[in-house]
Amino acid sequence: MAQVPVNVTVTGAAGQIGYALLFRIASGQLLGPDTPVKLRLLEIPQAVKAAEGTAMELDDCAFPLLRGIDIFDDPRQAFDGANVALLVGARPRTKGMERGDLLEANGGIFKPQGEAINAGAADDIRVLVVGNPANTNALIAQAHAPDVPAERFTAMTRLDHNRAISQLAAKLGVPVTDISKLTIWGNHSATQYPDIFHAEVAGKNAAEAVNDEAWLSGTFIPTVAKRGAAIIEARGASSAASAANAAIDHVHDWVLGTPEGDWTSAAIVSDGSYGVPEGLISSFPVVSRDGRWEIVQGLEIDAFSRERIDASVQELTEERDAVRKLGLI
Ligand SMILES: NC(=O)C1=CN([C@@H]2O[C@H](COP(=O)(O)OP(=O)(O)OC[C@H]3O[C@@H](n4cnc5c(N)ncnc54)[C@H](O)[C@@H]3O)[C@@H](O)[C@H]2O)C=CC1
Ligand SMILES: O=C([O-])CC(=O)C(=O)O
C-alpha cells in the first residue's frame with residue numbers, strides 16, 4: 001500500500017540553506033527512498049515570491065517522492081500537521097548589533113513558531129533548529145510548545161561534527177569512514193568543544209593516534225570551532241550546502257537510527273548528564289534508537305575536556321539567562 005506522505009515544514013525556504021536543502025528532501029535523502037513527502041514552506045511575505053520560484057524548480061525535477069508543495073507566510077498554517085520541522089530562517093547578526101539584540105530579534109521569530117508548533121503540528125513532530133543562535137532559538141521555541149515533549153526540540157551541531165571528522169581524517173591521512181565516536185559538546189558557537197578523546201580511527205583511540213596536544217589545542221579545536229567564520233571569509237557567504245547536508249544527516253539519523261557501533265552529535269535537551277544543567281539545549285554524544293535521541297553515557301571526562309565543556313555550557317547558561325530576562329522563555 002502506498003505510504004502516507006510525511007509533512008516536512010521548512011522555514012527560511014527562500015534562503016541559501018533552503019535552496020540547498022529542499023531538493024535533497026524532495027529526492028528522498030531526508031527520510032529514505034520509500035517515504036513520500038509534502039513540503040510546507042514558510043517565508044516572510046517579501047520572500048514568498050522567491051520561494052515560489054524554488055517550488056517551480058522542485059516541480060520541474062519531477063521527484064517521484066514529492067507529493068505537494070505549499071507556501072505560507074503564516075507560521076500557524078505552515079506548521080499545521082507538520083511531522084518534521086526544519087527551522088532555518090533566522091535573523092542574522094548585523095553590524096553593531098549586540099548579542100542581546102540578536103537574541104531578542106530571534107525571540108520574535110522562534111516564540112511564535114514554537115506556539116504554532118504547539119497549536120497544530122502532528123503528534124510525532126520532530127524539530128531541528130538550524131537558524132542561529134541555534135541552541136537558544138531551539139530553547140525559545142521549546143518553551144512555547146508546552147504540549148510537545150521537550151525532547152522533540154533539537155538544534156544542529158551535526159555540521160560541526162562533520163567538520164571535525166573531516167579535519168581529523170585529514171590529519172591522520174585516513175578516509176572519513178575510518179573515524180567514529182567523535183563528539184561535539186556544548187553550543188553551536190566558537191566555544192563548542194570537539195572531543196577526540198573517545199573517538200576512534202579504524203577502531204583505535206584517535207587521541208593516541210594523533211599524539212599531538214599542540215595540534216589538538218592549537219589547530220584542531222579552533223579550526224572546527226571557527227570554521228563557519230572561515231567559510232564566510234572565503235566565500236563571502238555562510239556555509240549553505242554543508243549546513244543543508246548536516247540537517248539532512250541529523251533528521252535522517254533521528255528518524256531512521258544511527259549506525260551500530262558509532263554515535264553522532266546533536267544539541268538536545270539536557271537531562272543533567274555530564275553536569276550540563278537540566279533543560280539547556282546542549283550538544284552531546286548521541287545515538288538514535290526507535291526514533292529517539294539518547295545521550296551516550298559513561299564516558300570519562302578528563303580535566304582538559306571538562307574545562308572546555310564547562311566553558312561552552314556556561315555560554316549556553318548565559319544565553320538562557322539573557323532570554324529569560326527578555327521575557328522570551
Ligand atoms: N547550525 C548551523 O550549523 C548553521 C546555522 N546557520 C544559520 O542558518 C540560518 C540561515 O542561513 P542562510 O540560509 O544562509 O540565510 P539566508 O539569509 O540566506 O536565508 C534565511 C531566510 O530566512 C528567511 N526568514 C527570516 N525570518 C523568517 C521568519 N520569521 N519565518 C520564515 N522565514 C524567515 C529570510 O527571508 C531568508 O530567506 C542563519 O541563521 C545561519 O546563521 C548557517 C550555517 C550553519
Ligand atoms: O555563522 C553562521 O551563520 C554560519 C554557521 O553557523 C556555521 O557555518 O557554522
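**View 1. Threonine 136 in helix H5 and its surroundings.** Threonine 136 has its place in helix H5, which spans residues 134-143, in what is a predicted model. With a relative accessible area of 3%, threonine 136 is buried. Its side chain is joined to that of glutamate 319 by a polar contact of 2.4 Å. When neighbours within four places in sequence are left aside, threonine 136 is in contact with Leu103, Leu316, Glu319 and Val323, so that glutamate 319 appears both in this list and as the partner in the polar contact.

**View 2. The salt bridge between aspartate 253 and arginine 158.** The side chains of aspartate 253 and arginine 158 meet in a salt bridge, with an N to O distance of 3.0 Å. Because aspartate 253 lies in helix H10 (residues 241-256) and arginine 158 in helix H6 (residues 158-172), the pair ties together parts that are 95 residues apart in sequence. Aspartate 253 is buried, its relative accessible area being 9%, and arginine 158 likewise counts as buried, at 9% relative accessibility. A search of the whole structure finds eight salt bridges, and two others are shown in the views that follow.

**View 3. Arginine 163 and aspartate 160 within helix H6.** A salt bridge of 3.6 Å, taken from N to O, brings together the side chains of arginine 163 and aspartate 160. The two residues are three residues apart in helix H6, so about one helical turn separates them. Arginine 163 and aspartate 160 are both buried.

**View 4. Lysine 181 and glutamate 200, a pair that links distant parts of the chain.** The side chains of lysine 181 and glutamate 200 meet in a salt bridge at 3.5 Å, N to O. Lysine 181 sits in the loop between strand E7 (179-180) and strand E8 (183-185), whereas glutamate 200 belongs to strand E10 (residues 200-201), and the two are 19 residues apart. Glutamate 200 is partly exposed, with a relative accessible area of 22%.

**View 5. Ligand 2 and the residues that surround it.** Asn132, Arg163, His188, Gly228, Ser238 and Ser239 surround ligand 2. An N or O atom in the side chain of asparagine 132 is 2.8 Å from an oxygen atom of the ligand; for arginine 163, a polar side-chain atom lies 2.7 Å from an oxygen atom of ligand 2, and for serine 239 the corresponding distance is 3.1 Å. Taken alone, ligand 2 exposes 270 Å², of which the protein buries 71%. Arginine 163 thus takes part in this view as well as in the salt bridge with aspartate 160.

**View 6. Ligand 1 and its backbone contacts.** There are 23 residues around ligand 1, and those that come nearest are Gln16, Ile17, Glu43, Val130 and Asn132. An oxygen atom of ligand 1 is 3.3 Å from a polar backbone atom of glycine 15, and an oxygen atom of the ligand is 2.9 Å from a polar backbone atom of isoleucine 17. At methionine 156, a polar backbone atom is 3.5 Å from a nitrogen atom of ligand 1. Taken alone, ligand 1 exposes 870 Å², and the protein buries 80% of that area.

**View 7. The region annotated as residues 157-322.** An unreviewed UniProt entry lists these residues as "domain: Lactate/malate dehydrogenase C-terminal". Over residues 157-322 the chain is 47% helix and 19% strand, while the C-alpha atoms at the two ends are 22 Å apart.

Methods. Residues are numbered from 1 along each chain as its sequence is written. Chains are lettered from A and ligands numbered from 1 in the order in which they are written. This is a predicted model: local features need pLDDT of at least 70, side-chain atom pairs count only at pLDDT 80 or more; totals for chains, interfaces and linings use all residues. Side-chain values use heavy atoms; hydrogens and water are left out. A salt bridge is a side-chain nitrogen of Lys or Arg within 4 Å of a carboxyl oxygen of Asp or Glu. Helices (H or I, at least four residues) and strands (E, at least two) are DSSP runs, numbered from the N terminus. Buried means under 20% relative accessible area, exposed over 50%, partly exposed in between (1.4 Å probe, protein chains only). UniProt positions are given in the numbering used here, feature names are shortened, and annotations may be inferred rather than shown by experiment. A residue is near a molecule or strand if one of its heavy atoms lies within 4 Å of it. A polar contact is a pair of N or O atoms within 3.5 Å; within protein, one must be able to donate a hydrogen and the other to accept it, and residues adjacent in sequence count only if both atoms are side-chain atoms. Accessible areas come from the Shrake-Rupley method with a 1.4 Å probe; for residues, only the protein chains shown count as cover. Contact means heavy atoms within 4.5 Å.
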